[in-house]
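Dear colleague,

I am passing on the structure we spoke about, together with some notes on what came out of looking through it. Please read them alongside the coordinates.

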Amino acid sequence: MKFVKHDLRQRSGGEIVEVILKGNSANVRLMDSSNFQYFRSGRRHQYIGGHMKNSPVRLQIPRPGHWYVTVDLGGYKGKVSSSVRILPGKLRPFVDKPLSTIPSLVRNDYDRQYDVFISHASEDKQAVVTPLAEALMGSGLSVWYDDFELKIGNSLRRNIDRGIASSRFGIVVLSKAFFGKGWPNYELDGLVTKSVNGEQVLLPIWYNITKDEVVSYSPSLADKLARNTTTQTVEEIAEEIVEVVRGEPIEI
C-alpha cells in the first residue's frame, strides 16, 4: 500500500500534530517508532487517528518518543497532499485524558477493514492463492489472507470471523481440495450468509474443476458468475477483481 510518511522525530507528550489535507479524504495515522515499523511491514500495529474527511486534523501525542504520521488513500483512486506542523498545548475537552484512552481514536488491526477476504484450501496456496493475494495487495487492496493475518497463538475461529465480518468482498477459490476441507467450508458458510444479506459480494474462482463438480458440491454456487483459472491467468483475474472492488464497471 502506498503512503506518505511524515517523520516528526523526537516529540514531547501533550504536543498536538496538525495535519492539513488537500484533495481526497484519507487515512491519517499517528504512530510511535515501533508501531510505524509494524505498519510499514504489514504487521499488527496501534495508531491514533483514522479515516479523515475534514481538514485540518489535530491529533495529540500521548507520550514522549519518536513519532510518525502517515497518510494514505487505502488503495482507492484519487489524490491527496498533506503537510504537518506541531502545535503546543493540549486538546480540549480531554485535557486530563491522553488520546490513547479514547476508544474511537486508538485503533489496532482488529479494527481494520479489508477489501477482500480469501477463502481457500491450503493445497491451492502455491498455485493460485498466494500469487492472487500478492497481486491484489500490489494493486493497493487490503486483503485478509491467513498467511498474512494469522500468527502463532491466534484463535483461528475468531480471526476468521473477524476477517469475514470486516471484508467488503469474499473471494472463494473452489477446487477439489476445497470441497473436502472443514475450515474452508466454515468460511464459505459465513461468506454466503453475508452475501445473501446483501452485506458482501461473493466472487468465486474455479481452480481445476468442472461445472458439474461445482453443481454436485453446491448448485447455488454453480449458478454464480465466476472466473476460471483454465481460461484466465491469476494476474488477469486479479486485475478484474481490483476493478470490481474499486467500483469500476465490469461484467463478473
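Which residue in strand 5 is the bridge partner of glutamate 18? The partner is arginine 58, and that pair belongs to the four bridges by which strand 2, residues 16-23, is joined to strand 5 in the antiparallel sense. Please keep in mind throughout that this is a predicted model.

Both strands are part of an open sheet of three strands, which follow the order 5-2-7 with antiparallel pairing. Its edges are formed by strand 5, residues 57-60, and strand 7, residues 80-87, each of which pairs on one side only. On average, and with direction ignored, neighbouring strands in this sheet are turned by 20° against each other.

For the chain as a whole, the secondary structure amounts to nine helices and 13 strands. Of the 252 residues, 44% are buried, and the chain exposes about 13,200 Å², of which carbon and sulfur atoms supply 50%. Among the contacts with a separation of 6 or more, 76% are between residues 24 or more positions apart.

Next, helix 1 and the loop after it. The buried residues of helix 1 are Asn35, Phe36 and Phe39; they cover an arc of only 105° around the axis, and therefore lie on the same side of helix 1. These buried residues pack against three strands, namely strand 1 (4-11), strand 3 (26-32) and strand 6 (65-72). Helix 1 is followed by glycine 42, which has a positive phi, near 80°.

Serine 41 is found in the loop between helix 1, residues 33-40, and strand 4, residues 47-52. Is this serine 41 buried, exposed or partly exposed? Its relative accessibility is 47%, and because the partly exposed class runs from 20% to 50%, serine 41 counts as partly exposed. A polar atom of the serine 41 side chain lies 3.0 Å from the backbone oxygen of glutamine 37, and the backbone oxygen of tyrosine 38 lies 3.1 Å from a polar atom of that side chain.

The other sheet I would like to describe is an open one of five strands in the order 10-9-11-12-13, with parallel pairing. Strand 10, residues 143-144, and strand 13 are its edge strands, each pairing on one side only. Helix 2, residues 125-138, packs on this sheet and touches strand 9 (114-119), strand 10, strand 11 and strand 12, while its direction makes about 175° with that of strand 9. Helix 9, residues 234-245, lies across strand 9, strand 11, strand 12 and strand 13, and runs at about 155° to strand 11.

Within this sheet, strand 12 deserves a closer description. Strand 11, residues 167-174, pairs with strand 12 in the parallel sense over six bridges, and leucine 174 stands opposite tryptophan 206 in strand 12. Strand 12 also pairs in the parallel sense with strand 13, residues 227-228, over two bridges, with isoleucine 205 standing opposite arginine 227 in strand 13. Why can strand 12 be called largely enclosed by the rest of the structure? Strand 12 covers residues 201-206, and because five of its six residues are buried, the strand is largely enclosed in this way.

With best wishes

Technical notes. Residues numbered from 1 in each chain as written. Predicted model: local features only at pLDDT ≥ 70, side-chain atom pairs only at ≥ 80, totals over all residues. Heavy atoms only, no water. Pairing = 2+ DSSP bridges. Axes fitted to C-alpha atoms, helices over the stretch in contact; angles between N-to-C directions. Buried < 20%, exposed > 50% of the residue type's maximum accessible area, 1.4 Å probe, protein only. Polar contact = N/O pair within 3.5 Å; in protein donor to acceptor, adjacent residues only side chain to side chain. Contact = heavy atoms within 4.5 Å. Areas by Shrake-Rupley, 256 points an atom, 1.4 Å probe, with all protein chains shown as cover. Arc of directions from axis to C-beta.
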